[in-house]
Amino acid sequence: MTKLRTLRLYAWTLAVLVVVSPLLARTAYAQTGPAALVGEVTDSQKQVIPGAIVTATHVATAATKSTVTDERGTFRLSNMQPGMYTLKAELSGFKTAIVDRVSLQVDTVTRETVVLEVGGI
């Protein structure tokens, strides 16, 4: 009788693991997906600024990723690690702009507009 009870307990445990394991794996995967950061760089009159260098720095790891704005003043940084970032945009003839506390979430696209002021190097 005890062997039968033990066998049933093992069978029940195995059945629960078979059902629960895929759910746990899916949850773990969902928490590690990449994020993306998109946006535009403009001047104070809302005119787009092509050719600006945009750099995102992960606050916790100091990892950086950079790109250059296109002819429409837009940028895209893909496959980013989720977390808190500092965003910097710079171009000769403009003051460097810094946007603090840009939060990138798992499997989301975050949009930011950066405004550069004339002056400075």
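**View 1. Thr86 and the residues around it in the predicted model**. Leaving aside the neighbours within four places in sequence, Thr86 is in contact with Thr55, Ala56, Thr57, Val59, Ile98, Val99 and Asp100 in this predicted model. Thr86 itself sits in strand β5, which covers residues 83-90. One of these contacts, Thr55, lies 31 residues away from Thr86 along the chain, and yet the C-alpha atoms of the two residues are separated by 8.2 Å. Thr86 counts as partly exposed because its relative accessibility is 24%, a value that falls between the limits of 20% for buried and 50% for exposed.

**View 2. Strand β5 with its partners β2 and β6**. Strand β2, made of residues 53-58, pairs with β5 in the antiparallel sense, and six bridges connect the two. Within this pairing, Thr86 of β5 is the bridge partner of Thr57. Strand β5 is also joined by six bridges to strand β6, residues 97-104, and these two strands likewise run antiparallel. Here Met84 stands opposite Ser103, which belongs to β6. Together β5 and β6 form a hairpin with six residues between them, and Gly93, found in the turn, has a positive phi of about 95°.

**View 3. Thr69 in the loop between β3 and β4**. The loop that holds Thr69 lies between β3, residues 64-68, and β4, residues 74-80. Is Thr69 buried or exposed? Thr69 counts as buried, because its relative accessibility is 5%, and the limit for a buried residue is under 20%. A polar atom of the Thr69 side chain lies 2.9 Å from the backbone nitrogen of Gly51, and the backbone nitrogen of Ala52 is likewise 2.9 Å from a polar atom of that side chain. Apart from neighbours within four places in sequence, the residues in contact with Thr69 include Val41, Ile49, Pro50, Val54 and Phe75.

**View 4. Salt bridges around Asp70 and in strand β5**. The structure holds four salt bridges, and Asp70, Glu71 and Arg72 are linked in a network of such bridges. Between Asp70 and Arg72, the closest N and O atoms are 3.3 Å apart, and Asp70 counts as partly exposed, with a relative accessibility of 23%. Another salt bridge is formed by Lys88 and Glu90, whose closest N and O atoms are 3.7 Å apart. Both of these residues count as partly exposed, Lys88 at 30% relative accessibility and Glu90 at 27%.

**View 5. The salt bridge between Lys95 and Glu117**. The side chains of Lys95 and Glu117 meet in a salt bridge, with 3.9 Å from N to O. Which parts of the chain does this pair link? The pair links distant parts, since Lys95 is in the loop between β5 and β6, whereas Glu117 is in the segment after β7 (109-116), 22 residues apart. Lys95 counts as partly exposed at 44% relative accessibility, and Glu117 counts as partly exposed at 46%.

**View 6. The whole chain, as a setting for the close-up views**. The chain contains one helix and seven strands, and from the N terminus on its elements run α-β-β-β-β-β-β-β. Of its 121 residues, 26% count as buried, while the accessible surface comes to about 8,300 Å², of which 60% belongs to carbon and sulfur atoms. Among contacts with a separation of 6 or more, 57% are accounted for by residues 24 or more positions apart.

Technical notes. Residues numbered from 1 in each chain as written. Predicted model: local features only at pLDDT ≥ 70, side-chain atom pairs only at ≥ 80, totals over all residues. Heavy atoms only, no water. Helix = DSSP H or I, 4+ residues; strand = E, 2+ residues; numbered from the N terminus. Buried < 20%, exposed > 50% of the residue type's maximum accessible area, 1.4 Å probe, protein only. Contact = heavy atoms within 4.5 Å. Polar contact = N/O pair within 3.5 Å; in protein donor to acceptor, adjacent residues only side chain to side chain. Areas by Shrake-Rupley, 256 points an atom, 1.4 Å probe, with all protein chains shown as cover. Pairing = 2+ DSSP bridges.
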